[in-house]
Structure formats: C-alpha cells, structure tokens
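Dear colleague,

Please find below the structure that I am handing over to you. My notes on what was found in it follow directly after.

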Amino acid sequence: MPAARHQGPGAAGRRHRLGPLTSAPLRRLLIADGLFVLAVTATDVLLPIYAKEHDAAVFTGACPSALSIGSVLGSLVLGTMPGFLARGPELSVLLLVFAVGGGALALGAGLSPVAVLVLGPVAGLVLGSVFGTLRTVGSDLAQEGEVTGTMSWLTSLDMAGGAVGAAVFAHLAAAEGSRAALAWVPAVVLLSASAGWTARSPSPKQS
C-alpha cells in the first residue's frame, strides 16, 4: 500500500508536465486553433494595407470593423442553436464557412474597396463562434484537472498564431501585394478545418 501511494503522485506529476500534449485530439485542436488565429490576424493586417494600396484610406478602419460586425451578427444567430455548436465536426463546418467567406473577400479585393467592405461581414460571420467552439471542445477534451492547462495552451497558440500571421502576411503583402496575400488566407483556414475535423470529444465509453 505505501508503495502504491508513492507511485501515484509521480504519475500525476508526469501527467501534469505533459498536460494536453498527451492527447492526440487536443494536439490537433491546438493546431486548428493556431492556424485559425493566424488566418484571422492575417486578414486584420491585410485589409488596411489593401485600403491604402487602392487609395481608399477612409476604409482603413472600416474594413476590419466590418469583420467584427459580421462576427457579432453571426454569434447572435448561432447562439440560438446551441446543439449545433456543441462539439466535434461542427468546428470544421464553421471553419469551412470562414474559408468560403475569406475566399469571397479575396475575390472582392479584385473588384474594389467597396466590395471588400460589403463582403467583410460575410467573411467575419462565424469568427466569434469559432473562438467559442474551440474553447468548448478544448474543455471537453481536457482530462480531469487539466482544463486550466488546456486553456493556457490554447491562449499560447492564439498568441503564436497571431504573431506568425502578422509577420508572414505583412511580408507577403509587401512582396506580392495585399490581394495576392488575401488569396492565401482561405488555404490556411482549410488546413485549420482539416486539423479540427478529428479533434472530437471522447465518447462516453472512453471516459
């Protein structure tokens, strides 16, 4: 009995050090989160650059604001469907909607700044819901006593994805132009959706 009690804390310590990284679904969720935030930050960085490139400085703040307006409206609508936002593949469905919206935004950039402004709410429609769903799935996947650690990892991936997105896409905009850079955003979101598809809550039999 004493030996068993002695081994217990050691095993708990190992679980604590590795945290959510011991879970394959959580690792995929972290990848999905980082790529999603990378894409969102890239869009926020590129829209003001696009407005300046096309002599539409008046839209510098309006275009990112349009994303936020779409996010608020989308969250209000999807908030009436809690079952849809519960977990599992729904995360990837939301990310696919974001990819389509990002593609529409990139196409609109080929038309005019006004088209980008109009399509901004469409591109931002599910942003708030994706952020919320990432946390919900992360909480569901976390083992007992590791919810705080899981949320910390998600926050760290948020910051890492944001930093990489800002740096990489600002460089792309300088090298190839904001329109070309915007066309890469949906590809990043599709990678995020692919990772998020297999990040599901464990079944009752596994818990």
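**Findings**

Leu-125 is partly exposed, with a relative accessible area of 37%. Its place in the chain is the loop between α5 (113-123) and α6 (127-141). Please bear in mind throughout that this is a predicted model.

Leu-125 also contributes to a nonpolar patch on the surface. The other members of the patch are Ile-69, Val-72, Leu-73 and Leu-76, and the area comes to about 470 Å².

**Overall make-up**

The chain contains eight helices and zero strands. Its pattern along the sequence is accordingly written α-α-α-α-α-α-α-α. The chain has 207 residues, of which 41% count as buried.

**Helix packing**

Two helix pairs deserve a description, and α4 (residues 90-109) takes part in both.

How are α4 and α6 oriented to each other? The two helices pack at an angle of about 155 degrees, and their axes lie 10 Å apart. Angles over 145 degrees count as roughly antiparallel, and α4 and α6 are therefore roughly antiparallel to each other. The crossing in which α4 passes α6 is left-handed.

The second pair consists of helix α2 (residues 24-53) and α4, whose axes cross at roughly 20 degrees and come within 12 Å. That angle makes α2 roughly parallel to α4, since angles under 35 degrees count as such. Here too the crossing is described as left-handed, with α2 passing α4.

**Salt bridges**

Side chains of opposite charge can pair when their charged atoms come close. How many salt bridges does a search of the whole structure find? The search finds two.

One of them joins the side chains of Asp-33 and Arg-135, with an N to O distance of 3.3 Å. This pair links distant parts of the chain, as Asp-33 belongs to helix α2 and Arg-135 to helix α6, 102 residues apart. Is Asp-33 buried or exposed? Asp-33 counts as buried, because its relative accessibility is 0%. Arg-135, by contrast, is partly exposed, with a relative accessible area of 22%.

The side chains of Asp-158 and Arg-135 form a salt bridge as well, at 2.5 Å from N to O. This pair also connects distant parts of the chain: Asp-158 sits in helix α7 and Arg-135 in helix α6, with their positions 23 residues apart in the numbering. Asp-158 has a relative accessibility of 16% and so counts as buried, the cut-off being under 20%.

Which residues are joined into one network by salt bridges that share partners? They are Asp-33, Arg-135 and Asp-158. Arg-135 meets Asp-33 in one bridge and Asp-158 in the other.

**A contact between distant positions**

Val-164 lies in helix α7 (residues 147-176). Its relative accessibility is 40%, so Val-164 counts as partly exposed. In sequence, Val-164 and Ala-42 are 122 residues apart, whereas in space their C-alpha atoms are 8.7 Å apart.

**Points to look at in the viewer**

When you open the model, you may wish to begin with Arg-135, whose side chain meets that of Asp-33 and that of Asp-158. The nonpolar patch that includes Leu-125 and Leu-76 could follow, and then the left-handed crossing of α4 and α6.

With kind regards

How values were computed:
Residues numbered from 1 in each chain as written. Predicted model: local features only at pLDDT ≥ 70, side-chain atom pairs only at ≥ 80, totals over all residues. Heavy atoms only, no water. Patch = residues over 30% accessible without salt bridge, like charges linked within 9 Å, V, L, I, M, F, W, Y side chains within 5 Å. Areas by Shrake-Rupley, 256 points an atom, 1.4 Å probe, with all protein chains shown as cover. Salt bridge = Lys/Arg side-chain N within 4 Å of Asp/Glu carboxyl O. Helix = DSSP H or I, 4+ residues; strand = E, 2+ residues; numbered from the N terminus. Buried < 20%, exposed > 50% of the residue type's maximum accessible area, 1.4 Å probe, protein only. Axes fitted to C-alpha atoms, helices over the stretch in contact; angles between N-to-C directions. Parallel < 35°, antiparallel > 145°, perpendicular 65-115°, else oblique. Left-handed = near helix turned anticlockwise from the far one by under 90°.
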